[in-house]
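Q: Could we go through the backbone and the sheet of this model together? Please start with the surface.

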Amino acid sequence: MFHTISLSKSDPTPLYIQLASELAKLIQGNFLTQGMKLPTIRFLSKQLCINRDTVVSAYKLLENQGLVESHIGKGTYISTHPISTTTTLPLDSISQICCSHIGVPKTFFPSSLCLDLATEIVKKENWEAFNDPLYRERHLLKSTVSNFLKQLGIPHHYAQVRIIKTMDQFLLDLFKDSPKTGICVEAIRDLSWSCYLRSLGAKIYETPLTAEGIDLNILEKHLHTGNIAYIFITSQLQNPTGLCYGKSCKNQLVELAKRYNCTIIDDITYASFMYDSPIPFYEDDAPIIYIHQFSKLYLPYMNYTFAILPLAFIKRLRDPTECSFNERLLRHYLSSSELKTIEHTILMAYKEHYALLSDALKQLPIRLTTHNGGAFFWLRVPIKQYDILCQYLLEHEIIISPGDLFSTTSLKGYFRLSITHLDSSQIYQVIQVLKNFFITL
């Protein structure tokens, strides 16, 4: 029964909460009956290939929910007390403060926006809104996306732009383009892309991060193999080093890519959230593919990613853009005053919340890694306090992302605290809970 439990490291929800939810479903569906003993921590961690601490935290969460009972020396059992039908799954509590997810809440996007844009298109173009026989709309869309990306300060021609509907297909096209099968990635990252590439047959080379960016010495050792096609980095997004990539690191990285004939793929989705620091980009002829996951920030109901290709890739990678009604909607949205308003609103809200939480965290005995801006914080506490803090936050309905979610090796002591789904009152709640925790130590 337990082998059917499915956990995902690419999901921003902490693994112990995923596991607790899966077990809660089995309990509330009567697949696990009252009085039944749950598997031992050792067995379940081995069965699911997860850390034992993850199972411990999941069992504690279920116990707090009243779904299981723990007996010292005997194990954990399904509660023998009647379970109320109103009991909810751990993830469903409306009082929980989610500090684990990165993604703009849909509350920033009024439902009338879609209707207004669609109505405007149909009124202007009638039935032609559903057809683009001469590819005129496709060229207009690429030009509009190009103008949006130029606001980030990346010089390019609109022919270098690709509009991606499915990242998996784009990664597959990249993988097919090179005879090399090696891909270098940051050791601490979103695991989803590298997991997909590994499923295609790619060999993943994990490279540690330093205070200036990816460790260039270890990277060059990987490049010496002659098997590296791409280097995946996130130069503008926070990581546990506490710094974004410095200009010197970027310049050296470009030189290595040129010397070993490989291509850098840089995710710049959160570049605009660097509030107080200029964004150092690369030289014009650098072998870099820029990726901006537009929908993650500004269009949550669709799935569009924008890419800027090096000149050498323009003819090598196909341009599958088709202008259906959705793409027309995207173009009008990119050109609209509504997008500028939403961009400004999100940026100001995050900037305010970032400053508020940053000032408070600096007063606590937590190692704070900051980049003068961003959508989340990386924090570190002494390992002996880590499990206690995680449990304390959970008891106060605050969900965080343990560092282990972003690495195939242990990141004990690290956790990520996202501000994207918080309002001011929730920020104050998080601050107060953290203060109370360290007071009680």
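A: Certainly; note that this is a predicted model. Asn261 is exposed, its relative accessible area being 62%.

Q: Where does Asn261 lie?
A: Asn261 belongs to the loop between α9 (247–259) and β10 (263–267). Its phi is positive, about 55°, although Asn261 is not a glycine.

Q: Why remark on the sign of phi?
A: Because most residues other than glycine have a negative phi.

Q: And what is the phi of Glu397?
A: The phi of Glu397 is near 65°, again a positive value in a residue other than glycine. Glu397 sits in the loop between α13 (383–395) and β15 (398–399). With a relative accessible area of 25%, Glu397 is partly exposed.

Q: Turning to the sheet, what is the strand order?
A: The order is β4-β12-β11-β10-β9-β5-β6, seven strands in an open sheet with mixed pairing.

Q: Which strands stand at the edges?
A: β4 (161–164) and β6 (203–207) do; each has a single partner strand, so one side of each lacks a neighbour in the sheet. From one strand to the next, the twist averages 20°.

Q: How many bridges join β4 to β12?
A: Four bridges join β4 to β12 (residues 305–308), and the two strands run antiparallel. Within this pairing, Ile164 has Thr305 of β12 as its bridge partner.

Q: Which helix packs on the sheet?
A: Helix α7 (residues 192–200) does, touching β5 (182–186), β6, β9 (228–233), β10 and β11 (288–292). The direction of α7 makes about 150° with that of β6.

How values were computed. Residues are numbered from 1 along each chain as its sequence is written. This is a predicted model: local features need pLDDT of at least 70, side-chain atom pairs count only at pLDDT 80 or more; totals for chains, interfaces and linings use all residues. Side-chain values use heavy atoms; hydrogens and water are left out. Buried means under 20% relative accessible area, exposed over 50%, partly exposed in between (1.4 Å probe, protein chains only). Two strands pair if DSSP finds at least two bridges between them. Axes are lines fitted to C-alpha atoms, for helices over the stretch in contact, and angles run from 0 to 180 degrees between N-to-C directions. Contact means heavy atoms within 4.5 Å.
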